[in-house]
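Thanks for coming, everyone. Please bring the model up on your screens, and I will talk through its open pocket, its closed cavity and the place where its chains meet.

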Amino acid sequence: MSRQRAVWAIVRKDVRAIGANLQVLLPMLVVPVMLGVLLPGGLVWAILRFGGSSGELQELLQLLERVPAGSLSGALSRLDDPSAQAAFLVANYLLAPFFLLIPLMAASTISADSFAGEKERGTLESLLFSPVSVGDLFLAKVLASFLPATALAWGTFLLTALTINGVAWPWMGRVFFPTPNWLPLMLLVIPLLALATIFLNVFVSARVATFQAAYQLGGVVVLPVLVLVAGNVTGLLFFSTAVISAIGAGLVMVDLVMLLLLRRYLDRAQLFESQVG
Amino acid sequence: MITASGVSKRFGAKQAIRDLSLSVGRGEVVGLLGPNGSGKTTMVRLFNGLLRPDAGGVRVDGRDPLVDGDAVRAASGVLTESAEFYGHLSALDNLRFFADLYGVSDPTRPRSLLEEVGLGDDLHRRVATFSTGMRKRLGFAKALLHDPRVLFLDEPTNGLDPDGTRAVLATIRRLNRTRGTTILICSHLLQQLETVCHRYLFIDAGRLIEQGTLAELKARYREAVLLEVDTDLEPAAAEAHGRAFEVAQVDGRRKLTFRLDDRAEVPGFLRRLVASADVYGAHVVEQGLEELYFAIREEKVA
């Protein structure tokens with residue numbers, strides 16, 4: 001009970017700190033609105049509104065030729081209108097990797113503030129003087145980044161679904177987003193990616209002195225996701241359920257390896273000497 | 001209650017603590033004295049398991065902080081200059097947070113402690129706006145939050161105004177008297193320590209160079225008797241009395257402080273002085289902790 005109380009006190013304190021730091025709060029508000037509302041809503045609306053006459057649509061529809069056989073091609077073949085096909089493809093497949101950027105950005109920003117910020121503000125020593133084990137401290141810090149990052153991704157997903165279906169309703173007349181391939185993405189890949197980002201930020205935070213440095217250095221995690229975005233947009237790597245599951249399995253391995261490597265930070269004296277003393 | 005046996009600790013090229021042994025008995029209030037960088041804060045960190053000694057070991061209430069650290073930290077209240085608070089939280093929220101970490105069951109404890117240390121009007125003010133003295137009061141309240149059996153106080157009155165200093169010293173005395181709290185105080189403000197400490201430990205460059213009660217130390221480091229005289233005697237004429245002296249003007253009056261070899265010399269010296277000049281008052285200057293501190297360092301530190 002006492003351990004749980006301490007862990008949740010640290011989680012609450014760190015979550016509260018998100019609102020107190022504009023550098024942390026701003027990307028948490030802007031990125032989801034951009035990637036979760038404006039980008040998908042704008043794209044889907046533009047495709048359905050001007051799609052029939054635009055050259056870009058023809059280019060987009062060329063992607064359809066590369067769509068692997070399966071549920072996606074089946075769903076697309078049921079749509080007669082090329083604009084509706086394009087809107088369906090953009091909403092359900094091309095946007096998927098962009099969504100990975102949301103937990104990635106959120107986990108990276110919050111964990112940089114939570115780990116490096118604690119060191120920068122001189123409060124890590126106060127925590128280490130308390131009767132909370134370093135394992136519990138680590139757990140609390142991970143939860144404090146993981147829960148808001150995942151919740152933000154899921155909340156944004158809900159907003160995206162409302163936006164896309166709302167914008168497309170006059171043309172589609174039915175709910176067409178999300179398709180089942182989003183399920184493993186949201187329930188498996190997003191949480192695992194958030195966790196991997198947090199673990200990476202623990203390593204980064206241990207090597208830098210300030211939140212700002214940790215934030216900037218931790219930003220490199222977007223690079224592999226940008227590769228996925230490019231692969232998906234060019235049709236080289238469609239975010240099918242199989243691909244998403246494979247990414248999830250890869251992330252499980254990455255998370256486990258990082259967790260093993262992080263064990264060395266669980267010694268209080270070593271942690272203090274390397275981070276404070 | 002608190003022991004260190006042959007402790008050594010090195011940070012890179014610097015040997016912070018060298019083969020240091022000390023003990024503080026249950027219910028004692030002990031002053032740990034030494035210049036900046038002598039190893040006082042390092043010892044507080046070692047006693048709380050934040051540092052691992054390179055050699056030797058420490059115990060608090062019979063427990064090794066490296067083995068049973070959470071139990072040691074649950075029994076210890078710590079105030080150090082380097083351990084900060086959360087600036088974006090109010091004083092009350094900071095203490096509530098630490099109350100959760102320390103498992104404090106009384107929900108009114110944070111508020112009542114803040115009122116006790118004089119922060120009753122600033123409960124809801126963000127700590128980022130606090131002065132040094134207010135942070136020190138908050139730190140003192142945090143150290144007392146879980147009603148610890150042992151207190152480690154590193155410079156507890158540094159930065160406090162006279163009222164704050166008096167309140168902190170009074171609380172230290174009260175806790176020791178009524179609850180039997182064992183207290184180790186590191187401080188440079190030697191005159192303040194005289195009023196609360198039972199015993200003193202002097203360290204220099206990580207080594208224990210002397211220890212004892214004020215009476216023991218006075219007996220060991222008895223210096224020449226200093227006789228302060230309020231007199232019209234001219235300094236040039238004072239030289240004729242054959243004793244070293246210093247001149248000071250206090251409230252527009254001349255004070256001569258003569259250095260005599262022995263207390264027994266005082267009556268005869270005064271008789272000769274009165275015969276040569278008007279004397280309005282005289283007293284023997286008592287040797288305090290500050291004088292002892294310098295006497296010990298002069299003798300023990302090369």
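Helix 11 of chain B gives the most to the lining of the largest pocket, with 4 residues, where helices (H or I, at least four residues) and strands (E, at least two) are DSSP runs, numbered from the N terminus. Before going on, I should say that this is a predicted model, in which local features need pLDDT of at least 70 and side-chain atom pairs count only at pLDDT 80 or more, while totals for chains, interfaces and linings use all residues. Residues are numbered from 1 along each chain as its sequence is written, chains are lettered from A and ligands numbered from 1 in the order in which they are written, and side-chain values use heavy atoms, with hydrogens and water left out.

On a 1 Å grid over the protein atoms alone, a cavity is a set of points where a 1.4 Å probe fits but cannot get out, a pocket is an open set with protein on both sides within 12 Å along at least five of seven lines, and lining residues have an atom within 4 Å of a point. The largest pocket has a volume of about 640 Å³, a volume being the space filled by probe spheres set on the points, which are joined across faces, edges and corners. Of the 22 residues that line this pocket, B:Ala224, B:Val225, B:Leu226, B:Val285 and B:Gln287 lie nearest its centre.

Turning to closed spaces, there are 4 cavities of 30 Å³ or more, and the largest cavity holds about 270 Å³ of space. Its lining has 18 residues, with A:Phe115, A:Leu124, A:Val202, A:Leu271 and A:Gln275 nearest the centre. Helix 6 of chain A supplies the largest share of that lining, 5 residues.

How many residues of each chain are in contact where chain B meets chain A? With contact meaning heavy atoms within 4.5 Å, 32 residues of chain B touch 28 residues of chain A. The two chains bury about 2,600 Å² between them, 59% of it from carbon and sulfur atoms; buried area is the accessible area (1.4 Å probe) that two parts lose on being put together, summed over both. B:Leu50, B:Tyr86 and B:Leu101 supply 25% of the area that chain B buries against chain A, more than any other three residues.

Finally, there are 7 salt bridges between chain B and chain A, each a side-chain nitrogen of Lys or Arg within 4 Å of a carboxyl oxygen of Asp or Glu. One of them joins A:Arg5 to B:Asp100, with the closest N and O atoms 2.7 Å apart.
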